[in-house]
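Here's a quick walk through how a protein meets its DNA in one model, and how some of its helices pack. Have the structure open while you read.

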Protein chains: 2
Amino acid sequence: MKLTSRGRYAVMALVDLARFDNINPVSLRDISLRQGISLDYLEQIFSKLRKKEIVQSVRGTQGGYVLNKKAKEIKLNNIFEAVDEKVKTVQCNKESKKGCNGKSIKCVTHNLWDELENHINNFFKEKSLEDLVKDNIERRI
Amino acid sequence: MKLTSRGRYAVMALVDLARFDNINPVSLRDISLRQGISLDYLEQIFSKLRKKEIVQSVRGTQGGYVLNKKAKEIKLNNIFEAVDEKVKTVQCNKESKKGCNGKSIKCVTHNLWDELENHINNFFKEKSLEDLVKDNIERRI
DNA sequence: ATAAACCTGACTAAAATAGTCAAGTATCTT
DNA sequence: AAGATACTTGACTATTTTAGTCAGGTTTAT
């Protein structure tokens with residue numbers, strides 16, 4: 001299981017977007033400057049977010065990105081999935097691994113990873129972008 | 001954050017050890033055969049487990065490894081820590097990253113990772129080796 | 001027209017992972 | 001005492017992933 005910078009950047013960028021997305025689209029250049037994330041890398045990340053319909057793009061001058069749903073409806077697990085942060089525990093059924101085919105014969109820890117996966121996903125499913133934005137604003141005061 | 005094969009193997013091997021550790025030490029060779037994990041890799045892993053006093057070694061013929069505590073007292077977080085599975089989310093305070101020094105100025109997602117870390121660690125702290133062994137025996141019937 | 005900003009795909013250095021390999025040392029059995 | 005079993009240690013390596021960079025587009029407001 002991994003949670004890497006890409007996922008973190010995605011969340012940081014979306015929190016930023018949610019805060020500044022009132023009327024006008026927010027350019028990646030601005031997010032890049034505010035959050036200290038490379039513009040090129042942001043473009044990769046937003047490409048994925050757009051494909052998963054988490055954001056919408058507005059091309060041309062004064063363009064940028066806009067949230068595609070309300071911040072309340074965007075859950076963290078949606079974000080991580082979009083940028084390929086697989087909240088997946090290590091597979092234990094590579095071919096011919098003893099005692100686990102994932103079905104009738106399970107390796108001794110198979111259920112454990114399932115539980116863990118659920119545990120983490122539940123955490124992410126409960127948190128919305130809005131929660132994070134509020135959190136952030138409160139702490140700024 | 002990562003959970004990789006090393007952590008999984010450690011847990012698999014210890015569950016195996018806990019089940020067969022009645023009177024005699026269990027050899028890595030046996031664990032290797034039963035669990036389908038390379039002997040050399042197991043040796044690396046058990047070296048770490050021994051240093052953290054999770055297992056004890058018995059050298060010589062008929063030697064092997066023995067649990068150093070009761071299975072009930074060995075929690076999963078102890079195991080993961082021992083084999084360097086850092087349940088650590090990505091750091092967000094690499095030098096000069098904007099808006100986060102981990103202290104007075106926190107990046108927008110700083111608290112999130114802290115919470116997540118706690119969430120996962122709680123899961124691991126609640127699960128003991130004994131729980132897994134029981135789980136496993138029950139499912140075998 | 002031109003500049004801002006999105007869009008796409010290919011490329012790469014560095015790190016981590018999942019091992020392997022080799023050369024031991026300790027201890028039990030015979 | 002010899003031999004076998006099994007732990008012990010450290011170095012080495014192929015592969016994969018990550019975290020970007022780079023280059024060359026296209027779209028659209030002004």
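## Ground rules

Helices (H or I, at least four residues) and strands (E, at least two) are DSSP runs, numbered from the N terminus. A residue is near a molecule or strand if one of its heavy atoms lies within 4 Å of it.

This is a predicted model, where local features need pLDDT of at least 70 and side-chain atom pairs count only at pLDDT 80 or more, while totals for chains, interfaces and linings use all residues. Residues are numbered from 1 along each chain as its sequence is written, chains are lettered from A and ligands numbered from 1 in the order in which they are written, and side-chain values use heavy atoms, with hydrogens and water left out.

## DNA strand D

Which elements each supply at least two residues of the surface near DNA strand D? From chain A they are helix H1 (5-20) and helix H3 (39-51); from chain B, helix H3 (39-51), strand E1 (55-58) and strand E2 (64-67). There are 27 residues around DNA strand D, and A:Tyr9, A:Ser38, A:Gln44, B:Ser57 and B:Tyr65 come nearest. Of the strand D atoms that come within 4 Å of the protein, sugar and phosphate account for 64%. The surface splits into six nonpolar, 14 polar and seven charged residues (Ala, Val, Leu, Ile, Met, Phe, Trp, Tyr, Cys and Pro count as nonpolar, Asp, Glu, Lys and Arg as charged, and the others, Gly among them, as polar).

Now for some polar contacts (pairs of N or O atoms within 3.5 Å; within protein, one must be able to donate a hydrogen and the other to accept it, and residues adjacent in sequence count only if both atoms are side-chain atoms). A:Ser5 puts a backbone N or O atom 3.0 Å from a phosphate oxygen of DNA strand D, and a polar side-chain atom of B:Arg50 lies 2.9 Å from a phosphate oxygen of this strand. A:Arg59 goes for a base instead: a polar side-chain atom lies 2.8 Å from a base oxygen.

## DNA strand C

Around DNA strand C there are 27 residues, with A:Ser57, A:Tyr65, B:Ser38, B:Gln44 and B:Arg59 nearest. Sugar or phosphate makes up 63% of the strand C atoms within 4 Å of the protein, and bases make up the rest.

A phosphate oxygen of DNA strand C sits 3.0 Å from a polar backbone atom of B:Ser5, and a phosphate oxygen is 2.5 Å from a side-chain N or O atom of B:Ser38. On the base side, the B:Gln44 side chain has an N or O atom 2.7 Å from a base oxygen.

## Helix packing

H5(A) (residues 110-126) and H5(B) (residues 110-126) pack at about 150 degrees with axes 10 Å apart (axes are lines fitted to C-alpha atoms, for helices over the stretch in contact, and angles run from 0 to 180 degrees between N-to-C directions). They are therefore roughly antiparallel (angles under 35 degrees count as roughly parallel, over 145 as roughly antiparallel, 65 to 115 as roughly perpendicular and the rest as oblique). Among the residues in contact (heavy atoms within 4.5 Å) are A:Leu116, A:Phe123, B:Leu116 and B:Phe123. By class, this contact has ten nonpolar, two polar and two charged residues.

Inside chain A, the axes of H1(A) and H3(A) come within 10 Å and cross at roughly 80 degrees, which makes the two helices roughly perpendicular. Their contact includes A:Tyr9, A:Leu14, A:Ile45 and A:Phe46, and its residues divide into ten nonpolar, no polar and one charged.
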